[in-house]
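Work through the exercises below with the model open. Try each task before reading its solution.

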Amino acid sequence: MFAQRSYGFRPGRSAHDAQKYLCDNLKSRANGKDKIILEMDIEKCFDRISHNHLMAQVIAPQSVKLGLWKCLKVGVNPEFPEQGTPQGGVCSPLLANIALNRIETIHKSVRYADDMVFIFKKGDNQAKVIDEIIEFLHVRGLNIKSAKTRFVSATDGFNFLGWNFKVQKNGKFRCIPSEPNYLTFRQKIKAIINNSNYGASTKAEKLSPIVRGWRNYHRYCKMDGSRF
């Protein structure tokens, strides 16, 4: 059974559940302004997952395990034939969830597939947690990507799943679309608007689902009064 704080690619769970978890743990009543966040990135996660360890975690009929084993051996990583999953394949999210399952139990955290953040309060032993994370990943053939792993104060803000989370100096929690997410959205919009092959009605038809989808994804954000 997958850990409770794993929200990615599971029935009945979504990125918005992860968003709410962070809101509950960073709002003023939770003393969010005193929290420290560990933003963690796994180096080449889908390319390095150990096949043997992954299969050892699977409890399923032999026919299912054989199917998973064949998915792992499709030759997506000739340099490391005993590692990696077919990134972008239909099984990749499930395999990532299997490989990283229970990493959430090391410390208070929230995970969506291979994206995760850890939440620390004053007095927590950050070095001990990092050591445990490194050991957890090492067994699975994985490593932390140092260049994209850092501790930040909740009052400085951090990005996760396309949102920017920040606790303001007055203790109030804020969540808005992250700048990279917003810029990607703008690029999609501009590409359609600037396409001379599209008439006005075609542009409107193509823009509508993009704008609606973006607004829907960010429906629980603070949007009014922002540049977004």
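The exercises cover a sheet, the helices across it, two cores and one helix face.

This is a predicted model, in which local features need pLDDT of at least 70, side-chain atom pairs count only at pLDDT 80 or more, and totals for chains, interfaces and linings use all residues. Residues are numbered from 1 along each chain as its sequence is written, and side-chain values use heavy atoms, with hydrogens and water left out.

**Exercise 1. Give the strand order of the open sheet and find its edges.**

- Start with the terms: helices (H or I, at least four residues) and strands (E, at least two) are DSSP runs, numbered from the N terminus. Two strands pair if DSSP finds at least two bridges between them.
- The four strands run in the order 2-3-1-4, with antiparallel pairing.
- Strand 2 (109-112) and strand 4 (150-153) pair on one side only, as edge strands.
- Take one pair: strand 1 (residues 36-40) joins strand 4 through four bridges, in the antiparallel sense. There, I37 stands opposite V152.

**Exercise 2. Determine which strands helix 1 and helix 6 lie across.**

- Contact means heavy atoms within 4.5 Å. Axes are lines fitted to C-alpha atoms, for helices over the stretch in contact; angles run from 0 to 180 degrees between N-to-C directions.
- Helix 1 (residues 15-26) lies across strands 1, 2 and 3 (the last being 115-120), at about 165 degrees to strand 2.
- Helix 6 (residues 126-139) lies across strands 1, 3 and 4, at about 20 degrees to strand 1.

**Exercise 3. Identify the best-connected members of the largest nonpolar core.**

- A nonpolar core is a set of buried Ala, Val, Leu, Ile, Met, Phe, Trp, Tyr and Cys residues joined through side-chain atoms within 4.5 Å. Buried means under 20% relative accessible area, exposed over 50%, partly exposed in between (1.4 Å probe, protein chains only).
- The core has 29 residues; L22, I37, V110, F158 and F160 touch the most other members.
- Helix 1 gives the largest share, five residues.
- Another core, of 27 residues, lies apart from it and includes L95, M116, I130 and I133.

**Exercise 4. Check the span of helix 7, then locate its buried residues.**

- The expected span is 1.5 Å times one less than the number of residues. For the 15 residues of helix 7 that gives 21 Å, which agrees with its end C-alpha atoms, 21 Å apart.
- Y182, F185, I189 and I192 are buried in this helix.
- Down the axis of helix 7, the buried residues fall within an arc of 90 degrees (from the directions of axis to C-beta atoms), so they line one face.
- Helix 8 is included in what covers the buried residues of helix 7.
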